[in-house]
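The report below reads one protein chain from its overall dimensions down to single residues. Please keep the sequence and the structure in view while reading.

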Amino acid sequence: MSLLADLTTGAVEDAESRRAQRPLAEVERIAEERSPALDATEFLARTETIRVIAEVKRASPSRGDLAAIPDPSHQASLYESGGAAAISVLTEGRRFKGSLADLTAVKERVGVPVLRKDFVATPYQVAEARAAGADMVLLIVAALERRQLAELFGLIVEMGMTPLVEAHTADEVSIAADLGAPIIGVNARDLSDFSLDRELFARLASGIPEGTIRVAESAVSTPDDVVRYRRDGADAVLIGEALVTGDPVRSLRSFISATEGI
């Protein structure tokens, strides 16, 4: 089993454990009582400088522990003050040490869209994302069958959220485009083995339709990395490790200002 398959299986098992404690009908009721989700496309549309989705990330399978982040809402508020256009919250608990409680805390603190970043493969996970306050939900093409991907995509839209569809190959970009995904991300990190391909976005960006928001994910450590992605056509970048291991406000401002005029 690939690492991606293992992570997805674990995330679904954990969701089923939560479902045993809180049935789908109850979660859907809570979701319906939430204020409407923010339109993430309005926050991530291309501007004179690159948009940043800043990630609350305690750990990863490739790097282990990164930062304790005892108060994810405070971390997110620093991101917002540094100019982040959206906040990504890792809610997977086994390898990334996140939770839905983190997402709810962040949502209550910031005024920008919040992404549930997890290995979503069931309608229950979509419903609990909205119930927790998510404005966006990540769908990973490589982790899902076509029918499953389309079902979850439709449910996310039906619940008023925005899908961020993640691709790792040209075929997966085509699948995301065929769905009509408003935001397509290209992750430089291959989630089957966590290897890194820093040129992947440049190779795949041309396959993303005009009018779709193009997000470059992973492989960002310096402003030069952000500049490279911008020149390759990125409207936004998703950054995690570089922000949780340093000064997030200073880092964000340097990443964003580096792309002025590009």
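What follows describes a predicted model, beginning with the whole chain and ending with selected residues.

**Overall form**

The chain has twelve helices and twelve strands, and its C-alpha atoms fill a box of roughly 50 × 40 × 35 Å when taken along the principal axes. The radius of gyration is 17 Å, which agrees with the value near 18 Å that a compact globule of 262 residues would have. Of these 262 residues, 55% count as buried. Among contacts between residues at least 6 apart in sequence, 69% join residues at least 24 apart.

**The barrel**

In which order do the eight strands close into a barrel? The order is S1-S4-S5-S6-S7-S8-S11-S12, and the pairing is parallel. Neighbouring strands of this sheet are turned against each other by 25° on average, with direction ignored. Two of the pairings can be followed down to bridge partners, as the table shows.

| Strand pair | Sense | Bridges | A bridge partner pair |
|---|---|---|---|
| S4 (residues 86–90) and S5 (residues 114–117) | parallel | four | isoleucine 87 and valine 114 |
| S7 (residues 162–167) and S8 (residues 183–187) | parallel | four | alanine 167 and valine 186 |

Strand S8 is largely enclosed by the rest of the structure, because five of its five residues are buried. In a regular strand the side chains alternate between the two faces of the sheet. In S8, Ile183, Gly185 and Asn187 point one way while Ile184 and Val186 point the other way, and all of them are buried.

**Nonpolar cores**

In soluble globular proteins, nonpolar side chains tend to be buried together. Here the largest nonpolar core holds 63 residues, of which Tyr79, Ile87, Tyr229 and Ile239 touch the most other members. The largest share of this core, five residues, comes from helix H7 (residues 146–158). A second, separate core has 24 residues, including Leu4, Ala40, Ala86 and Phe96.

Two of the well-connected members of the largest core can be placed further. Ile87 is the residue of S4 whose partner in S5 is valine 114. Isoleucine 239, when residues up to four places away in sequence are not counted, touches Val52, Ile53, Ala54, Glu55, Val220, Val226 and Phe255.

**Helix H10 and the loop before it**

The contact partner Val226 belongs to helix H10 (residues 223–231), where the buried residues are Asp225, Val226, Val227, Tyr229 and Arg230. The cover over these buried residues includes helix H9 (200–204), strand S11 (213–217), strand S12 (236–239) and helix H12 (248–257). H10 is followed by glycine 233, whose phi is positive, near 110°.

The loop between S11 and H10 contains serine 218 and also alanine 219. Serine 218 has a phi near 75°, a positive value in a residue other than glycine, and alanine 219 likewise has a positive phi, of about 65°, although it is not a glycine. Is alanine 219 buried or exposed? Alanine 219 is buried, because its relative accessible area of 9% falls under the 20% limit.

**Aspartate 102 and leucine 3**

Aspartate 102 has its place in helix H5 (residues 100–107). Its relative accessibility is 8%, so aspartate 102 counts as buried. Which side chain does aspartate 102 join through a polar contact of 2.6 Å? The partner is the side chain of arginine 58. The full set of residues that aspartate 102 touches, not counting those up to four places away in sequence, is Arg58, Pro72, Val89, Leu90 and Lys97. Of these, Val89 and Leu90 fall within the residue range of strand S4 (residues 86–90).

Leucine 3 is found in helix H1 (residues 3–21). With residues up to four places away in sequence not counted, leucine 3 touches Pro61, Arg95, Leu191, Ser192 and Phe194. For the contact with proline 61, the C-alpha atoms are separated by 9.0 Å, although leucine 3 and proline 61 stand 58 residues apart along the chain.

Terms used:
Residues numbered from 1 in each chain as written. Predicted model: local features only at pLDDT ≥ 70, side-chain atom pairs only at ≥ 80, totals over all residues. Heavy atoms only, no water. Helix = DSSP H or I, 4+ residues; strand = E, 2+ residues; numbered from the N terminus. Buried < 20%, exposed > 50% of the residue type's maximum accessible area, 1.4 Å probe, protein only. Polar contact = N/O pair within 3.5 Å; in protein donor to acceptor, adjacent residues only side chain to side chain. Contact = heavy atoms within 4.5 Å. Core = buried A, V, L, I, M, F, W, Y, C linked by side-chain atoms within 4.5 Å. Pairing = 2+ DSSP bridges. Axes fitted to C-alpha atoms, helices over the stretch in contact; angles between N-to-C directions. Rg over C-alpha atoms; globule rule 2.2 N^0.38 Å.
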